[in-house]
Structures are given as C-alpha cells and as structure tokens.
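Welcome! Take a moment to turn the structure around, and then let us walk through it together.

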Amino acid sequence: MGYKVIVCGATGNVGREMLNILAERQFPVDEIAALASRRSLGTEVSFGDKTLKTKDLDTFDFTGWDIALFAIGSDATKKYAPVAAKAGCVVIDNSSLYRYDPEIPLIVPECNPQAIHDYKNKNIIANPNCSTAQMVVALKPLHDRAKIKRVVVSTYQSVSGAGKEGMDELWDQTKGMYVPGQEKDPAKFQKQIAFNVIPQIDVFMEDGSTKEEWKMVVETKKIVDPSIKVTATCVRVPVFVGHSEAVNIETEEFLDEDEARDILREAPGILVVDKREPGGYVTPVECVGDFATFISRIRQDPTVENGLNFWCVSDNLRKGAALNAVQIAELLGREVLKKG
C-alpha cells in the first residue's frame, strides 16, 4: 500500500521537478494529483511515463490524501496549506511562510531528521531556502566533529532561484546583447543579469542585509545549532541552474583539512570532488540534474586559529527545493506514516 500524494504548483519549475523526483526515486505512490491555479487548469505535466492533467487548486478536496508538496509561493500557501492540514493531509511547504514558526519543523533530512515528529503541531513541515539547504548538509557533519562557532558565506545563486521569469530574463538579455532590436531591460532583477552579477537577492532589511541573507542566518540556526554565528552575502549570477557558495567556517576544536575531507566523503548527500589541479572541482553546470551536494576546494584558513574554507555546489531546483521536499516525504513515510 502506497501514499496518496498531491503536488501543488505542478506547472512551475519546482513543481515539475517534484513530480520528476517522486518518479525517479520510486516514491510509493498509490494515487497522485497535480494541482495548479485556474489559469493553468488542464495543463499537462509528466510523472514518470504518465501524463497528468492539472486540477484546480481552489476547488480541490484534500480529504483522504496523505501528503501535499506545496510549491506555490507564500501568499497562496497561506490560503491553502491550513485547508489541506485541517483535512488531515500533511503539508510539506517550499515557500518561506512557515520556516520561522517555532511550532513548525524546518527540516533537511541529513541534518535534523528527528524534527519530523513535530509535524503533528500543525500538520505542516517547512522546506528551507535553497541556499541554506545545500550549506547545512556540509556544515552538520563538521559541526558534529568540531563544533562550528562562525560561518562566513558568499553565494553565487543561479537565476532559476527566481523562477521561470528569471531564467527567461537571462536568456532574453543575453540574446539582446547580440541581436539589434532585441535588447531587454531589467524586469525581474534590479539590474542587467546577462554578463553581470547582482549583490541583491530579495528585499533590503534595516541592518543593510537582504532578506535572503537573513534567511540563511536564521535557518542555519534552526536546523543545525542556535549558537552558530552566520554572516552571508548573497549574489545573483548569470547561471541558469545550480547555486554555488564559498564557505568559511571557524570551529571550537582544530579540524585538519584532510580529516574534514574524510568526514565529508562519508556524510550523507555529499560528494567530494577535490583535486588540487586545474578543473579538479565542481561547477554549477556539472551539478544540474544530480541529487548530491558537491564539495570542493577544502583547505585550511591560516588567518584564524581553527578555520576551514570550502566550495559548495548543488542543483537548487533539486536539493534546494524539490529533492529536499521529497526526502522529507520519504522520512515522514519511514518514521511516521509507515504505509509504503
């Protein structure tokens, strides 16, 4: 016996990826429904070798369904997630709406699987921000060994993090650089993204940081350890898919780079590719479509007593969103629902 699963926002980048990953990982599905807004009603989406027609989210009855994966943004989630949860369907939400609610677990299965049991508080589980998800997968095993005191991270985030509109804008602006008459002004992003980098993701906050940077701070504390100090600079780069991060950590105990490499090689969800030669590291282009978070450039930081640097790359539509949501569903099934 398997699960009755819903994907809300099935026509978007993340929703489609959720359907792909459910099929790829052979999640035990008895019945599946693809939901979308009324304007996308009837749009066909793929689920393995099947084709599904989207149903209307507004009129859908969640009663009798086990799990709903939400990829519809905070405003719509605020309306529909409580409806699904009240009907007895466990919501796994990809938006930022519930991440900071102390009663709702924020889960990366490789880091804090024990938090799954807190789903009962509101029948809702939160999926972290894409940039946080890949970083904490690497931080957790190192923290368990040497206790991380401080993290300094600079991100290089792809345009797919801003949805289809972001990807279209990069494509159109790049074409417009070469084809007279097809120039494209910034619309989704604050400045030109083609052949440029933009040191702003999300809105600015009072202290000068952006909301994306704030998310990385508070989510790392909630998932790994509230005592970790985190400072982040988040940058949008002209890459279609795949977020990269340059991460510097300071630990309480000394951690040798070779031991750190060994720890990360053994850690779940991580692949270490770290050859000290030209090209001996992973870039965003190479991680697309892969489940793993890739770690390269592991080296000592000689400027502090116990410091390490590393490079972290992952497919943001997968580990940063859809894959993590499906992994949460797998964890929920394994630890709580126990059907499949």
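What follows is a short tour of this predicted model, moving from its strands to its helices, its surface and its charged pairs.

Let us begin with the sheet. Strands of a sheet pair through backbone hydrogen bonds, and they can do so either parallel or antiparallel. Here, 6 strands come together in an open sheet, and following it across you meet them in the order E5-E2-E1-E6-E7-E8, with parallel pairing. Strand E5 (55–56) and strand E8 (124–126) stand at the edges; each has a single partner strand, so one side of each is left without a neighbour in the sheet.

For a look at one pairing inside this sheet, find strand E1, residues 3–8, and strand E2, residues 29–36, which run parallel and are joined by 6 bridges. A good place to put your finger is Tyr3, whose bridge partner in E2 is Val29.

Now look for what lies over the strands. Helix H8, residues 318–337, lies across E1, strand E6 (67–70), strand E7 (90–93) and E8. Relative to E6, helix H8 runs at about 160°.

Further along the chain there is another set of strands to visit. Strand E12 (residues 270–272) runs parallel to strand E13 (residues 293–301), and 3 bridges join them. Val272 has Ile295 of E13 as its bridge partner. E13 also pairs with strand E14 (residues 307–314), this time in the antiparallel sense, over 7 bridges. In this pairing Ser296 stands opposite Trp311 of E14. How many residues does the hairpin use to join E13 to E14? The hairpin makes the connection through 5 residues.

Next, let us turn to the surface. Met177, Tyr178, Val179 and Phe195 make a nonpolar surface patch of about 450 Å². Two of its members are worth a closer look. Tyr178 belongs to helix H4, which covers residues 163–178, and its relative accessibility of 62% makes it count as exposed. Phe195 sits in the loop between H4 and helix H5 (211–223), and at 53% relative accessibility it is exposed too.

Phe195 brings us to a detail of the backbone. Most residues other than glycine have a negative phi. Phe195, however, has a positive phi, near 55°. Lys147 is not a glycine either, and its phi is positive at about 55°. You will find Lys147 in the loop between helix H3 (130–146) and strand E9 (148–157). Is Lys147 buried, exposed or partly exposed? With a relative accessibility of 32%, Lys147 counts as partly exposed.

Our last stop is the charged side chains. Side chains of opposite charge can pair when their charged atoms come close. A search of the whole structure turns up 23 salt bridges, and we will visit a few of them.

One is formed by the side chains of Arg318 and Glu17, at 2.6 Å from N to O. Arg318 lies in helix H8 and Glu17 in helix H1 (residues 13–24), so this pair ties together parts that are 301 residues apart in sequence. Are these two residues buried or exposed? Arg318 is buried, with a relative accessible area of 4%, and Glu17 is buried as well, at 14%.

Another salt bridge brings together the side chains of Asp274 and Arg261, at 2.8 Å from N to O. Since Asp274 lies in the loop between E12 and helix H7 (284–287) and Arg261 in helix H6 (residues 257–266), the pair ties together parts that are 13 residues apart in sequence. Asp274 counts as buried at 12% relative accessibility, and Arg261 is buried with a relative accessible area of 10%.

The side chains of Asp58 and Lys79 also meet in a salt bridge, at 3.4 Å from N to O. This pair links distant parts of the chain, 21 residues apart: Asp58 is in the loop between E5 and E6, while Lys79 is in helix H2 (residues 74–86). Asp58 is partly exposed at 38% relative accessibility, whereas Lys79 is exposed, with a relative accessible area of 52%. To finish, look around this pair: Arg38, Asp56, Asp58 and Lys79 are linked in a network of salt bridges.

Technical notes. Residues are numbered from 1 along each chain as its sequence is written. This is a predicted model: local features need pLDDT of at least 70, side-chain atom pairs count only at pLDDT 80 or more; totals for chains, interfaces and linings use all residues. Side-chain values use heavy atoms; hydrogens and water are left out. Two strands pair if DSSP finds at least two bridges between them. Helices (H or I, at least four residues) and strands (E, at least two) are DSSP runs, numbered from the N terminus. Contact means heavy atoms within 4.5 Å. Axes are lines fitted to C-alpha atoms, for helices over the stretch in contact, and angles run from 0 to 180 degrees between N-to-C directions. Patches are made of residues with over 30% relative accessible area and no salt bridge: like charges are joined within 9 Å, nonpolar side chains (Val, Leu, Ile, Met, Phe, Trp, Tyr) within 5 Å. Accessible areas come from the Shrake-Rupley method with a 1.4 Å probe; for residues, only the protein chains shown count as cover. A salt bridge is a side-chain nitrogen of Lys or Arg within 4 Å of a carboxyl oxygen of Asp or Glu. Buried means under 20% relative accessible area, exposed over 50%, partly exposed in between (1.4 Å probe, protein chains only).
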